Amino acid sequence: MRHRLRHLGPASEPLPEVWTGRATNRLQWVLAAAGAACLALGIKLAVSANWETAITALLMAVIGCVAAGLLMLYGTLAFVRLEVTIDREALEVRCGHVGLPRKRILLSEVVEADYDPKITPYQWGGWGCRWRPEKGTAWLVRRGEGVVVTLAGGETFTVTVDGAEMAVRVIRDRLSRSNSDPVPQI
């Protein structure tokens, strides 16, 4: 993966104090609609069915449709949108419109930040929160550019976000500032 990461030199534009970027995937609304359809089918079965015969099969069908619908709805709506915020202290990632799941990485734990122009769900096994032993953790809502941060323990965290080059510049700036701050004498 390292061969695709590009070195980012200094830029002439000033860096913001708080950087915010987003990534969206409108295709997942189709999957959310399928989840809503499963949920609606489960509700329709529960309301219009004859509960006097074949109750076990009917109960399994209703529970299966409702559970599948709820899982598909949450799984797709949680990852239809992703927001990344970088401030003086941390990199924070929030998913979906509610902001859950959420991940906060303190910049004091970050060793390095890199830009990757071609992150794909295929590399990670799909959209969502992913973990692969040889690659680390990734939060993906779409293919494209993203930020790869290496943590002090050697783990990596990858996130797809628009404007990833600027995010990497902001993180590198924060890291260089923290490394150049003098250590207080006691």
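W51, I55, L59 and I63 together make a nonpolar surface patch of about 370 Å². One of these residues, I63, belongs to helix α2, which spans residues 55-77. With a relative accessible area of 52%, I63 counts as exposed, because the cut-off for that class is over 50%. The patch is described here from a predicted model, and the confidence of that model is therefore reported next, as pLDDT is the predictor's confidence in each residue.

**Confidence and overall architecture**

Mean pLDDT for the protein chain is 84, and 89% of its residues reach 70 or more. Residues 1-7 stay under 50 in pLDDT, and the model has 18 contacts beyond four places in sequence for this stretch.

The protein chain contains four helices and nine strands. Their order along the sequence is β-α-α-β-β-β-β-α-β-β-β-β-α. Among contacts between residues at least 6 apart in sequence, 60% join residues that are at least 24 apart. Of the 186 residues in the protein chain, 40% count as buried. The exposed area of the protein chain is about 10,800 Å², of which carbon and sulfur atoms supply 62%.

**The nonpolar core**

The interior can be described through its principal nonpolar cluster. The largest nonpolar core has 30 residues, and V84, I86, L91, V147, V149 and I171 are those with the most contacts inside it. Two or more residues each are given to this core by the strands β1 (19-24), β2 (81-86), β3 (90-95), β5 (110-119), β8 (144-151) and β9 (156-160), and by helix α4 (164-180). Helix α4 gives the most, with seven residues.

V149 illustrates the surroundings of one core residue. Beyond its neighbours within four places in sequence, V149 is in contact with L91, I105, V110, E112, A113, E155, T156, F157 and I171. Of these partners, L91 and I171 also appear among the residues with the most contacts inside the core.

**Helix α4 and its surroundings**

Which residue of helix α4 has 0% relative accessibility? V168 lies in helix α4, and at 0% relative accessibility V168 counts as buried, because that class holds values under 20%. The C-alpha atom of V168 is separated by 9.9 Å from that of D116, although the two residues are 52 residues apart along the chain.

R172 is also found in helix α4. At 23% relative accessibility, R172 counts as partly exposed. Between R172 and V111 the C-alpha to C-alpha distance is 9.3 Å, and these residues are 61 residues apart in sequence.

**Salt bridges**

The structure holds nine salt bridges. Three of them are listed below with the N to O distance of each pair.

| Pair | N to O distance |
|---|---|
| E17 and R88 | 2.9 Å |
| E83 and R22 | 3.4 Å |
| R174 and D173 | 3.6 Å |

Where do E17 and R88 lie? E17 is in the segment before β1 and R88 is in the loop between β2 and β3, so their salt bridge ties together parts that are 71 residues apart in sequence. E17 is partly exposed, with a relative accessible area of 36%, while R88 is exposed at 61%.

The salt bridge between E83 and R22 has closest N and O atoms 3.4 Å apart. Because E83 lies in strand β2 and R22 in strand β1, this pair ties together parts that are 61 residues apart in sequence. R22 counts as partly exposed, at 41% relative accessibility.

Are the two partners R174 and D173 buried or exposed? R174 counts as buried, at 6% relative accessibility. D173 is likewise buried, with a relative accessible area of 19%, which falls in that class because the cut-off is under 20%. The side chains of R174 and D173 meet at 3.6 Å, N to O. Elsewhere, salt bridges that share partners join R22, R81 and E83 into one network.

Terms used: Residues numbered from 1 in each chain as written. Predicted model: local features only at pLDDT ≥ 70, side-chain atom pairs only at ≥ 80, totals over all residues. Heavy atoms only, no water. pLDDT = per-residue confidence, 0-100. Contact = heavy atoms within 4.5 Å. Buried < 20%, exposed > 50% of the residue type's maximum accessible area, 1.4 Å probe, protein only. Areas by Shrake-Rupley, 256 points an atom, 1.4 Å probe, with all protein chains shown as cover. Patch = residues over 30% accessible without salt bridge, like charges linked within 9 Å, V, L, I, M, F, W, Y side chains within 5 Å. Salt bridge = Lys/Arg side-chain N within 4 Å of Asp/Glu carboxyl O. Core = buried A, V, L, I, M, F, W, Y, C linked by side-chain atoms within 4.5 Å.
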